[in-house]
Amino acid sequence: MPTETFEFQVEARQLLQLMIHSIYSNKDVFLRELVSNASDALDKLRLEALRDDSLGVDVSDLHIALEADPEARTLTVRDNGIGMSRDEVVQLIGTIANSGTAKFLRELKDAQDTAATEGLIGQFGVGFYASFMVADEVTLLTRRAGESQGTRWTSNGEGTYTVESVDDAPQGTSILLRLKPEDSEDQLHDYTSTWKIREIVKRYSDFITWPIRMAAPQVPPVPSAAETDAESGGAEAGAEAGAEGDVAEAAEPEVLNSMKALWARSRDEVTDDEYHELYKHISHDWTDPLEVIRLQAEGTFEYQALLFIPAHAPQDLFMQGYQRGVQLYVKRVFIMDDCEELMPPYLRFVKGVVDAQDLSLNVSREILQQDRQIQLIHRRLAKKVLSTVKDMMSSSPERYATFWREFGRVLKEGLLGDVENRDAILGASSFATTHDKDQLTTLAQYVERMKDGQEHIFYVTGESRQAVENSPHMEAFQAKGIEVLLLTDPVDEVWVDSVPEFDGRQFRSVAKGEVDLGTDEEKAEAGTEREKQQEEFAGLLTWMTARLADEVKEVRLSSRLTVSPACIVSDTNDVTPALENIYRAMGQELPRVKRILELNAKHPLVVGLNRAHGERQDDPALQETAELVHSMALLAEGGELADPARFVKLMAERLERSL
């Protein structure tokens with residue numbers, strides 16, 4: 001195929017411009033990114049060779065090679081890994097298939113200072129594109145294992161790139177960087193310097209499991225006596241001796257990394273920086289992790305685990321297709337990236353490595369799903385992560401606050417399916433409540449503060465704190481100083497119906513069923529008053545229940561209202577409207593559930609309506625008033641009206657009459 005010229009995808013072009021104009025101060029990380037990609041390619045080749053005997057590749061000397069040429073000002077990063085086909089080159093390098101790219105670029109544009117900019121780049125990571133921080137031109141030469149033809153990709157990052165097919169490409173990938181001039185003020189170092197390359201690899205990539213070799217500098221051979229004689233006439237002998245001299249001066253490449261698996265070393269042998277660099281290699285995140293978790297199991301089934309909790313949630317965490325899971329090794333041999341069977345979905349943000357001693361190297365995803373040992377690891381890793389988060393609550397409240405802000409919504413998903421760890425998840429969770437507008441609370445703290453005689457943990461669900469705090473359902477609880485959990489995440493609508501209790505106390509919605517608050521004495525007094533009100537309003541309640549039969553199942557007096565005239569509540573075991581909407585969004589249609597309209601017997605509007613009903617119950621205007629009361633109650637809780645235009649018409653007529 002001839003040489004073709006392509007344009008970068010819009011997002012890719014924008015990202016390249018950011019790299020070219022060097023907005024990230026730590027430019028050394030370009031080499032970490034390229035070495036990390038090379039390591040992944042070697043992992044993939046060994047895995048492919050294990051699974052496909054017909055591939056016919058030599059995996060006896062898999063390695064990464066670095067070659068610097070100070071005179072030409074070039075640096076080459078080469079691997080003999082899986083390589084790429086022509087189509088893969090265009091797809092993987094010409095575009096950015098990250099769904100969060102557009103959002104990232106918008107946030108980057110709005111960033112006010114260098115620190116904010118670098119933080120965003122660190123969160124996103126840019127991989128191969130980091131090359132353009134240090135290079136004026138990048139040439140990639142690659143050939144996929146099992147294919148005969150290679151591909152050369154070249155670009156200066158200005159908007160286009162060229163792709164051509166080549167016949168003599170070695171298997172694997174090499175990336176040739178034509179380096180920018182050294183500029184110490186711009187943190188642009190001499191990346192052809194052997195000591196600089198050695199320093200970067202040691203700092204960022206020492207743990208890489210493949211040898212990273214640096215070609216020794218070309219040293220002219222020392223002339224031998226025979227060569228000296230050759231200069232004075234012994235040309236043939238001198239040529240032979242010169243050849244021997246050249247061989248004698250050929251130096252072995254230097255291996256720059258120790259290749260020691262950090263998870264197999266004791267804690268006191270590994271620095272925090274080394275752990276952080278392993279995390280960045282695994283996650284492609286440029287920021288340090290929030291927490292490092294080590295785990296070692298010995299006995300009948302041995303494995304080692306090194307897990308990381310990130311400091312921020314990836315932008316695609318809640319998107320379909322998010323790659324979850326940790327890396328699986330068997331006896332230090334890489335087996336699988338993103339092994340989902342090792343970590344439950346609600347801990348999908350956890351990154352790390354599990355190295356098992358007793359699994360087969362040729363294990364498949366299908367086998368993993370049934371493997372008893374994998375299931376045991378899964379259970380223990382989940383318990384370890386949850387206990388670590390719980391410990392963080394007391395040992396490091398600030399870091400826990402960061403964790404909950406970033407991952408609280410995901411963690412609560414576990415309350416729906418992981419019954420075994422439900423108590424641990426609840427114990428590691430915290431919630432907004434009416435007790436303190438600034439501080440979150442644990443369920444244990446809520447229980448400690450419960451009023452005498454209070455039997456339930458009360459909660460309210462909604463879209464925002466402001467909306468639920470101003471809800472009519474909250475009035476009696478606020479009046480009596482009873483604490484209420486304010487649950488505003490979409491997942492809250494689901495888990496509160498599936499979790500029966502915490503510490504022996506049942507969860508109870510303030511917007512469901514009957515409310516019976518106060519001491520025994522207060523309840524007795526309220527019961528006597530309620531009987532009188534029930535008798536006084538019986539006619540109105542029966543009439544309104546009949547008139548609003550299409551909308552509600554019952555109209556009754558309320559014990560939860562102190563200020564508002566009316567509110568809408570669900571029966572104790574009914575599905576809430578918000579949960580109905582969630583199910584419908586998932587494609588599950590539910591039968592329509594009628595709710596209950598509650599009236600405040602002490603509100604002037606309700607008192608007046610009751611009086612008017614006794615005097616002129618056949619008046620058509622009363623029917624309209626009943627409709628308005630129901631509509632106002634629906635709006636007060638953030639609901640949607642079936643006929644907004646009719647509501648506006650009735651309200652306008654009433655306002656007109658009042659003038």
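**Warm-up.** Is Y161 buried or exposed? Y161 is buried, with a relative accessible area of 3%; buried means under 20% relative accessible area, exposed over 50%, and partly exposed in between, using a 1.4 Å probe and protein chains only.

Before you go on, some ground rules. This is a predicted model, in which local features need pLDDT of at least 70 and side-chain atom pairs count only at pLDDT 80 or more, while totals for chains, interfaces and linings use all residues. Residues are numbered from 1 along each chain as its sequence is written, and side-chain values use heavy atoms, with hydrogens and water left out.

**Exercise 1. Trace the open sheet and describe its edges.**

Step 1. Start with the inventory: the protein has 23 helices and 23 strands. Helices (H or I, at least four residues) and strands (E, at least two) are DSSP runs, numbered from the N terminus.

Step 2. Follow the nine strands of the open sheet in the order β1-β6-β5-β4-β7-β3-β2-β8-β9; the pairing is mixed. Two strands pair if DSSP finds at least two bridges between them.

Step 3. Look at the edges. β1 (4–7) and β9 (254–255) each have a single partner strand, so one side of each is left without a neighbour in the sheet.

**Exercise 2. Work through the hairpins around β5.**

Step 1. Recall the background: strands of a sheet pair through backbone hydrogen bonds, either parallel or antiparallel.

Step 2. Take β4 (residues 135–143) and β5, which pair in the antiparallel sense over five bridges. Here V138 stands opposite S155 in β5. Six residues separate the two strands of this hairpin, and G146 in the turn has a positive phi of about 95°.

Step 3. Move on to β5 (residues 150–155) and β6 (residues 160–166), again antiparallel, over five bridges. In β6, E164 is the bridge partner of R152, and V163 is that of W153. Four residues lie between the strands of this hairpin, where G157 takes a positive phi near 80°.

Step 4. Check the cover: five of the six residues of β5 are buried.

**Exercise 3. Find what F30 touches and place this residue in its core.**

Step 1. Locate helix α2 (residues 29–51), which lies across β2 (64–69), β3 (74–79), β7 (172–179) and β8 (212–214) and runs at about 20° to β3. Axes are lines fitted to C-alpha atoms, for helices over the stretch in contact, and angles run from 0 to 180 degrees between N-to-C directions.

Step 2. Set aside neighbours within four places in sequence; F30 is then in contact with L75, A130, S131, M133, V134, L177 and Y191. Contact means heavy atoms within 4.5 Å.

Step 3. Widen the view. The largest nonpolar core has 143 residues, and F30 is among the members that touch the most others, as are W153 and W495. Such a core is a set of buried Ala, Val, Leu, Ile, Met, Phe, Trp, Tyr and Cys residues joined through side-chain atoms within 4.5 Å.

**Exercise 4. Classify an aromatic pair that involves Y161.**

Step 1. The whole structure holds 15 aromatic pairs. Rings of Phe, Tyr and Trp (its six-membered ring) pair if their centres lie within 6.5 Å; planes under 30 degrees apart count as stacked, over 60 as edge-to-face and the rest as tilted.

Step 2. F6 and Y161 are 5.4 Å apart, centre to centre, with 20° between the planes, and are stacked.

Step 3. F6 lies in β1 and Y161 in β6, so the pair ties together parts that are 155 residues apart in sequence.
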